[in-house]
Amino acid sequence: MSKRIWVAALVALVLVGAGAAALVLLKGQRCPDGEARTEPKIVDPGDAGGPPSDAIVLFDGRDLLEWENGENWPVRNGVATVGVGKGGITTRRAFGDCQLHIEWATPPVVSGSGQERGNSGIYLQERYEIQVLDSYQNSTYPDGQAAAIYSQWPPLVNASRKPGEWQTFDIVFEAPRFDGAGKLTRPAYITLLHNGLVVHNHREILGPTSWSLSPGYKPHPPRQKLHIQDHGCPVRYRNIWIREL
Ligand code: MG
């Protein structure tokens, strides 16, 4: 074969290749792993703070019907307050991997100090606690302050607002995985934004919350309920929604 034919064949090959690549790009199907990509579902993000259109609204200011023991927490003016001495509230539904938005405020009038000041808590899967506390100019042990993974990890920074002011937690939670024999195959991970600041970045949860060292994971079903703690302080809550991932 002459040199000219070789060059022509090479040029033709390059053109065909480029054409095919352009077609794939145009169709939006670049797939380095060979798997087809599906178009993401459209979700209306809603107003700032949500809820987005695909969220399960757990509290919109009206009632606590989504919660067991909700009848024991007073709801007034769009706000639910911990029913002090009446126990925590627990969702009727169970969740695995999820995105959770929750707004909370500790009492505007400060009483007590350390762990006795605006204490509550968000228990993911009923056992992994994110601490709710008035941590504005209120020192306590670092892994017990607001936004700590209680008794495990302090937040990266203290992003607390003043007592009485509304604060947000935006949580991305990956539930732990267990195999058929109940052995942990992947721990839980959490990313948490406190008032919009990242305070845990894909942090590994070491096991269920305990006041001292975690006893380590015990197997549980992939979906578990969400619990909010009554720790004897009238902490307020509003705008709670969750998205299953
Ligand atoms: Mg607590």
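This report walks through a predicted model of one protein, from its overall make-up to a few of its finer details.

## The overall picture

Let's start with the whole chain. The protein contains one helix and 15 strands. Of its 245 residues, 43% are buried. The accessible surface comes to about 13,400 Å², and carbon and sulfur atoms account for 57% of that area.

How do parts of the chain that are far apart in sequence come together? Among contacts with a separation of 6 or more, 64% are between residues 24 or more positions apart.

## The nonpolar core

In soluble globular proteins, nonpolar side chains tend to be buried together. Here, the largest nonpolar core has 41 residues, and Ile-122, Phe-169 and Tyr-237 are those with the most contacts inside it. Strand β6, covering residues 98–105, gives the most to this core, with four residues.

Ile-122 is a good place to begin exploring. Leaving aside residues up to four places away in sequence, Ile-122 touches Phe-169 and Tyr-237, both named above, and its other partners include Leu-100, Ile-102, Val-132 and Leu-226. Glu-129 is also one of the residues that Ile-122 touches, and Glu-129 comes up again in the next section as a donor to the metal.

## The magnesium site

Which residues hold the magnesium ion? The ion is coordinated by OD1 of Asn-119, O of Ser-120, OE of Glu-129, OE1 of Gln-131 and OE1 of Gln-229, at 2.2 to 2.4 Å. Along the sequence, these donor residues follow the spacing N-S-x8-E-x1-Q-x97-Q. Two of them, Asn-119 and Glu-129, link distant parts of the chain: Asn-119 is in the loop between β6 and β7 (120–124), while Glu-129 is in strand β8 (residues 128–132), and the two are 10 residues apart.

Are these two donors buried or exposed? Buried means under 20% relative accessible area. Asn-119 has a relative accessible area of 2%, so it counts as buried. Glu-129 is buried too, because its relative accessible area is 3%.

## Salt bridges

Side chains of opposite charge can pair when their charged atoms come close. The model has 10 salt bridges, and three of them are worth a visit.

In one of them, Arg-93 pairs with Glu-66, and their closest N and O atoms are 2.9 Å apart. Arg-93 sits in strand β5 (residues 89–95) and Glu-66 in the loop between β1 (56–59) and β2 (67–68), so this pair, 27 residues apart, links distant parts of the chain. Arg-93 counts as partly exposed, at 38% relative accessibility. Another pair is Asp-134 with Arg-117, where the closest N and O atoms are 2.8 Å apart. Asp-134 is in the loop between β8 and β9, and Arg-117 is in the loop between β6 and β7, 17 residues apart. Both Asp-134 and Arg-117 are buried.

Arg-223 and Glu-244 also meet through their side chains in a salt bridge, at 2.6 Å from N to O. This pair joins the loop between β13 (197–204) and β14 (224–228), which holds Arg-223, to strand β15 (residues 236–244), which holds Glu-244; the two are 21 residues apart. Arg-223 is partly exposed at 45% relative accessibility, and Glu-244 is partly exposed at 38%.

## A nonpolar patch on the surface

Which residues make a nonpolar patch on the surface? Leu-156, Val-157, Leu-197 and Val-198 make one of about 320 Å². Val-157 is found in the loop between β8 and β9 (167–174). With 38% relative accessibility, Val-157 counts as partly exposed.

## Backbone details to look for

Most residues other than glycine have a negative phi, and most peptide bonds are trans. Against that background, the bond joining Gly-50 and Pro-51 is a cis peptide bond, with omega at about 5 degrees. Pro-51 lies in the loop between α1 (3–26) and β1.

Two residues other than glycine are also worth finding. Asn-69 has a positive phi of about 70 degrees, and this residue is in the loop between β2 and β3 (75–76). Gln-137 has a positive phi near 50 degrees. Gln-137 belongs to the loop between β8 and β9, and with a relative accessible area of 69%, Gln-137 is exposed.

Technical notes. Residues numbered from 1 in each chain as written. Predicted model: local features only at pLDDT ≥ 70, side-chain atom pairs only at ≥ 80, totals over all residues. Heavy atoms only, no water. Core = buried A, V, L, I, M, F, W, Y, C linked by side-chain atoms within 4.5 Å. Buried < 20%, exposed > 50% of the residue type's maximum accessible area, 1.4 Å probe, protein only. Contact = heavy atoms within 4.5 Å. Donors = N, O, S within 2.8 Å, 3.2 Å for Na, K, Ca; no water. Patch = residues over 30% accessible without salt bridge, like charges linked within 9 Å, V, L, I, M, F, W, Y side chains within 5 Å. Areas by Shrake-Rupley, 256 points an atom, 1.4 Å probe, with all protein chains shown as cover. Salt bridge = Lys/Arg side-chain N within 4 Å of Asp/Glu carboxyl O.
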